[in-house]
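Hi,

Here is the structure I said I would pass on. Have a look at it first, and then read my notes underneath.

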Amino acid sequence: MGYSRDDATSAIERCGEDADEIELADSILAAQTAEREGGFGEYNASNEDEKHIDKYDPFLHNNKRQRYSSSSRHNSTQMHERLKRVSCRPSTSSCHGGDADMDRETNPMVGFGLPTDPGRQMFRELPKETGGPPYFYFEIGPLAPKGVWDKFARNLGVAPEFVNSKFFSATCKKQGYLHNLPIANRFQLEPVSKKTILEVFPSARAHWPPWDTRTQFNCIQACITKTKLIEQIQAKLVASPDPPPDTVKNWVMYECNKWNLIWVGQNRVAPLEADEIEFLLGFPRNHTRGGGVSRTERYRSLENSFQVDTVAYHLSVLKDMFPNGIRVLSLFSGIGGAEVALHRLGIKMTAVMSVEVSPINRTILRGWWDQTGQKGELEVIDDIQCVDDAALKGFIARHGGFDLIVGGSSCNNLTGSNRDHRGGLHGERLFFHYQRILDRVRYLIGRH
Ligand code: SAH
């Protein structure tokens, strides 16, 4: 498949000898991305951010700039030209942030502004036909197939908001969001998440060597490192002087970056536990634990999930709009990142239609729903292909409509249940369903 023997050997070590080709390719790509991304320092706003955000969206303006005239705002040719420029070619990586084109176009991925930098907030005014309700909010990973970003953004009439979750948490996750939510007056979840590894895991400080300069984690992967590597790292460090020679330091840092290893003792590193990842992603502790969910499945579900603080920042504008609660169509719900974000924002969900093919993820979402004492109705559909007019009309008849259609793709369209041959959907077919269902909902509630 064009990978080096070393890459292939390491991937077999990580994923096991019975792993199939796709899984191995997936793992190699993830490792390459992790290596390329390195650590992440603190964000420093620069003028580059402005230039870069401003070019995306004809409906979007920095508040320091003059607003566009209404004729230019509604000039769809101009918009399409601009959307073309933010297109994302298929990635050569399997992780959230690996697409070089995407990085070049969108670096530093501050979206339409950060809560920590109010002076940089953008302004956008969507034409009537694009604005909500129903509001839509779709997360799309950089692995979207060629042309999908262009096509989908064009069909929806909005430019993507590219965000790196490192501005909202101590972990990196680079995603694009297509949505028609207002962007003024967003607010962050409370308590605001800590942004550095040592703030999140203060006990690691005692063992953290000064030459490990990481402040944030790389993107979360489902594949975790093998015990053998952990033992090798320890043995190498024990056998080295303190500080170790550069060759050892560089090798250890390479593995720490690649696998998000954390210091747990002198010369001892360990991979993140699932509950630590839950915390980094903004989920409640043990969200994915229990109910027969294996460790591997927990990692896999978490790898694909929303970073809750990031998504909540975008969804926060709904709080004032829907003081009496919100009706949600949750597509590809996974472990319920959107539901958790709304709940943590204090937005009541009066009814949710959740569509999720994985029984494990459905169990996790149902468990969370019951445990958090949600008063609304949670209706679950197994397969996106079963979301037809009858299902939508039934919900609309019972609840009067939908206020928000939210959907997450996965970070990695080759992984687990997202693969076609395991009954999941990936690539363009997934986006086709977003569009199909959004169109049907708009039609059925008389917005067409
Ligand atoms: N945003 C979610 C995760 C999305 S990952 C979260 O916060 O957890 C994409 C999800 O789509 C996966 O959970 C996968 O199981 C689901 N999926 C894939 N094919 C599907 C199909 N045909 N019908 C319904 N869900 C599907």
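Below is what I found in it, starting with the whole chain and moving on to single residues.

First, keep in mind that this is a predicted model.

**The overall picture**

The protein has 448 residues, and 58% of them count as buried. Its secondary structure comes to 18 helices and 11 strands. If you take the contacts between residues with a separation of 6 or more, 75% of them are between residues 24 or more positions apart. On the outside, about 18900 Å² is exposed, and carbon and sulfur atoms supply 50% of that.

**Cavities**

How many cavities of 30 Å³ or more are there? The count comes to 4. I looked into two of them.

The largest cavity has a volume of about 100 Å³. Its lining includes Cys219, Ile220, Gln221, Cys223 and Ile224, and further along the chain Lys258, Trp259, Asn260, Pro271, Leu272, Ile277 and Tyr299 also line it. By class, that lining divides into 9 nonpolar, 2 polar and 1 charged residues.

The second largest cavity comes to about 50 Å³. Here the lining is made of Phe306, Ser330, Leu331, Phe332, Ser333, Gly337, Ala338, Glu339, Val406, Gly407 and Gly408. Three elements each supply at least two residues of this lining: β8 (326-331), α15 (337-345) and β11 (404-408). The classes work out as 5 nonpolar, 5 polar and 1 charged.

**Glu139**

Next, try finding Glu139, which is in strand β3 (residues 135-140). Is Glu139 buried or exposed? Glu139 counts as buried, because its relative accessibility is 0%. Its side chain makes a polar contact with the side chain of Gln175, at 3.1 Å. Leaving out neighbours within four places in sequence, Glu139 is in contact with Lys173, Gln175, Gly176, Tyr177, Phe306, Gly407, Gly408, Ser409 and Tyr434. You will have met some of those names already: Phe306, Gly407 and Gly408 are among the residues that line the second largest cavity.

**Two cis peptide bonds**

Go back along the chain from Glu139 and look at the loop between β2 (122-124) and β3, where Pro133 is found. A cis peptide bond joins Gly132 and Pro133, with omega at about -5 degrees. The peptide bond from Pro133 to Pro134 is cis as well, with omega near 0 degrees. Pro134 lies in the loop between β2 and β3 too.

**Two asparagines with positive phi**

Asn185 has a phi near 60 degrees, a positive value in a residue other than glycine. You will find Asn185 in the loop between β5 (174-179) and α8 (197-200). Asn185 counts as exposed because its relative accessibility is 70%.

Asn260 also has a positive phi, about 55 degrees, although it is not a glycine. Its place is in the loop between α10 (246-259) and β6 (262-265). Why does Asn260 count as buried? Its relative accessibility is 6%, and the cut-off for buried is under 20%. Asn260 is also one of the residues lining the largest cavity.

**Two enclosed helices**

Helix α12 (residues 295-304) is largely enclosed by the rest of the structure, because 7 of its 10 residues are buried. Those residues are Arg298, Tyr299, Arg300, Ser301, Leu302, Glu303 and Asn304. Tyr299 is a name you have seen before, in the lining of the largest cavity.

For helix α13 (residues 308-315), 8 of the 8 residues are buried, so α13 is largely enclosed by the rest of the structure too. If you want to click through them, they are Val308, Asp309, Thr310, Val311, Ala312, Tyr313, His314 and Leu315.

**Leu438**

Last stop: Leu438, in helix α18 (residues 428-444). With a relative accessibility of 0%, Leu438 counts as buried. Which residues does Leu438 touch, not counting those up to four places away in sequence? They are Phe136, Phe138, Leu156 and Ile405. Leu438 and Tyr135 are 303 residues apart along the chain, and their C-alpha atoms are separated by 9.6 Å.

Over to you, and happy browsing!

Technical notes. Residues are numbered from 1 along each chain as its sequence is written. This is a predicted model: local features need pLDDT of at least 70, side-chain atom pairs count only at pLDDT 80 or more; totals for chains, interfaces and linings use all residues. Side-chain values use heavy atoms; hydrogens and water are left out. Helices (H or I, at least four residues) and strands (E, at least two) are DSSP runs, numbered from the N terminus. Buried means under 20% relative accessible area, exposed over 50%, partly exposed in between (1.4 Å probe, protein chains only). Contact means heavy atoms within 4.5 Å. Accessible areas come from the Shrake-Rupley method with a 1.4 Å probe; for residues, only the protein chains shown count as cover. On a 1 Å grid over the protein atoms alone, a cavity is a set of points where a 1.4 Å probe fits but cannot get out, and a pocket is an open set with protein on both sides within 12 Å along at least five of seven lines; lining residues have an atom within 4 Å of a point. Grid points are joined across faces, edges and corners, and a volume is the space filled by probe spheres set on the points. Ala, Val, Leu, Ile, Met, Phe, Trp, Tyr, Cys and Pro count as nonpolar, Asp, Glu, Lys and Arg as charged, and the others, Gly among them, as polar. A polar contact is a pair of N or O atoms within 3.5 Å; within protein, one must be able to donate a hydrogen and the other to accept it, and residues adjacent in sequence count only if both atoms are side-chain atoms.
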